[in-house]
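Please open the structure in your viewer and keep the selection panel at hand. The tour begins at the ligand and then proceeds outward to the domains.

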Amino acid sequence: MSQKFQRIVVIGGGSAGWMSAVALATGLKERVSVEVVESEDIGILGVGEATFPSIRNFNQLIGIDEAEFLRATHGTYKLGIRFCDWLDVGSDYFHTFGHFGTLSGSQALWAQHRRMALAEPLGMQCLPTVMAMRGCFVLPGDQAEFKYAYHFDAVQYAAFLRQLAMRRGASRTQGRIVDVARRADGAVTAVLLEDGRRIDGDFFIDCSGFHALLLGRTLAEPFVDFSHWLPVDGAWACPCERRGDGITPYTTATALEGGWAWRIPLQNRTGHGHVFASRFIDVERAREQLLARLDGPAVAEPRLLRFKTGHRERFWVHNVVAIGLSAGFLEPLESTSLYLIQDGIGRLMTLLSEGRPLDDEARTDFNEGSVRRFARIRDFILLHYCLTRRRDSELWRHVASMPLPETLAFRIELWRRYGVLHEYDEDGFDASSWLAIHAGMAHWPEREDPVLTEVPRQRALAALQCRRDAIAAAVERMPEHHRMLHHVLTARPGRSR
Ligand SMILES: Cc1cc2nc3c(=O)[nH]c(=O)nc-3n(C[C@H](O)[C@H](O)[C@H](O)COP(=O)(O)OP(=O)(O)OC[C@H]3O[C@@H](n4cnc5c(N)ncnc54)[C@H](O)[C@@H]3O)c2cc1C
């Protein structure tokens, strides 16, 4: 398909559908019409409460005011994730969105840190980690030393985006799709609804979630299964009442016998979930383990979600692009699904606005880029598992000994042998993030780079102590997260960033 098109039909009204619609209605308003078809009977998945900092760029690009967004979605600020019990039971560390400072690069820092044998975690050298540990939050200044993300109610986010997209000209059809019309060459021409209505389009964005209505069911694009690496395949989700004043400015991910549990604080409630591998733990036992962890009375019945980790072989086939869960799913350990959605939309928008022919070459570029992004994030998630010292259940014995993807094995080897944090193109996570996990999992190189050890010991020690003291002093003056949030939520319009 190399011709221009005017009618874009988005199938599905979850986060993926409305993020796509609002981006198109904002960026390509003059050139395309956007129609979203969603079924209220089927509903949306509605989990996905923790995000990655790139969500802020998305919100800014489509012109969302932060305070208005936080109010509409019961949102809170997220500095990162606290990982409990991943190395051993009782251990914990943070992965935040900030760096560790440098003597001459982060490798130098860890080398010095190791050599000084400071009796404190590397996280003390990272501003957002110390902020998270103390429960504080401020917006980063212009010299941003850290990034931040949000926790929010995913159902409210989709509703908020829907209003915005419709104000900008997108239209919405409510109804269940029961059939799909195609041309002889395979391209989709229309979707047919249960009540007989027909929605025609030139281009279709499949945001139908795990149903994968167009790319999976209609076009039968094969699924690339990652479950031999990421064996989790189910989750219990259950929100509970929020207790007390404090709202942690971070997600907590606690490793359990057959998976891990999330804790995500919103303004009005706390989201809890248990992501588990049904090969290694009984579904009912997983439910009980979740209920035992709630830190307040449940406000809904626990919901069971089933999934398979992996992605479609191609993400764009004929005139159909899949965005969101219809394209694939990596488990939610690093809150990357909305990031992948946003990334897919961004690359699609670039192609559409450049006016480049939407031919085989464009499709191949898009598909290869999508596959690489999934692989990079898969590797980063796997790193959290494979470095564990836990051997106390089948899951942990399995992940500690499973063969790794070559791309990850190579990165681990380079780090272990030479202290090099290798970066690939299109990495979702930068070297600081990789360093945070290696350090948190007490995985240090076997030798130090001889060049780095030339930094005199006293100078290195002084630099580390100076940075640690400056961070501690800065955090001392910061407000607690819930106070900062209250301030932003009650500020007059136009005052928030
Ligand atoms: C356990 C779990 C935890 C997660 N946690 C996070 C997280 O912390 N952070 C994060 O970024 N992501 C997370 N995710 C992923 C996140 O939930 C999704 O990426 C996000 O909700 C987008 O979903 P979606 O829009 O692709 O699909 P959905 O929300 O499922 O929307 C699908 C849409 O398609 C429509 N539809 C389907 N079939 C038809 C039909 N026949 N006719 C008409 N309409 C139809 C539905 O009505 C719905 O509107 C998590 C996922 C799971 C499973």
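Begin with α9, which gives three residues to the shell around the ligand, the most of any element; helices (H or I, at least four residues) and strands (E, at least two) are DSSP runs, numbered from the N terminus. The model is predicted: local features need pLDDT of at least 70 and side-chain atom pairs pLDDT 80 or more, whereas totals for chains, interfaces and linings use all residues. Residues are numbered from 1 along each chain as its sequence is written, and side-chain values use heavy atoms, without hydrogens or water.

Next, select the whole shell. The ligand is surrounded by 34 residues, each with a heavy atom within 4 Å of it; the closest are G13, V47, A50, I177 and L338. By class, the shell comprises 17 nonpolar, 14 polar and three charged residues. Here Ala, Val, Leu, Ile, Met, Phe, Trp, Tyr, Cys and Pro count as nonpolar, Asp, Glu, Lys and Arg as charged, and the others, Gly among them, as polar.

Now display the oxygen atoms of the ligand. Which distances separate them from the backbone? A backbone N or O atom of S39 lies 3.0 Å from a ligand oxygen, and one of L325 lies 2.9 Å from a ligand oxygen. For L338, a polar backbone atom is 2.9 Å from an oxygen atom of the ligand. Taken alone, the ligand exposes 1000 Å², and the protein buries 97% of that (accessible areas by the Shrake-Rupley method, 1.4 Å probe). Colour α1 (15-27) and α9 (337-354), the elements that give two or more residues to the shell.

Finally, colour by domain. An automatic or database assignment gives domain 1 (7-49 + 153-227 + 309-358), domain 2 (96-143 + 388-476) and domain 3 (234-306). The centres of domain 1 and domain 3, taken over C-alpha atoms, are 28 Å apart. Their contact (heavy atoms within 4.5 Å) takes ten residues from domain 1 and 13 residues from domain 3. Where does the ligand lie relative to these domains? Both domain 1 and domain 3 give residues to its shell, so the ligand lies between them.

How values were computed:
Polar contact = N/O pair within 3.5 Å; in protein donor to acceptor, adjacent residues only side chain to side chain.
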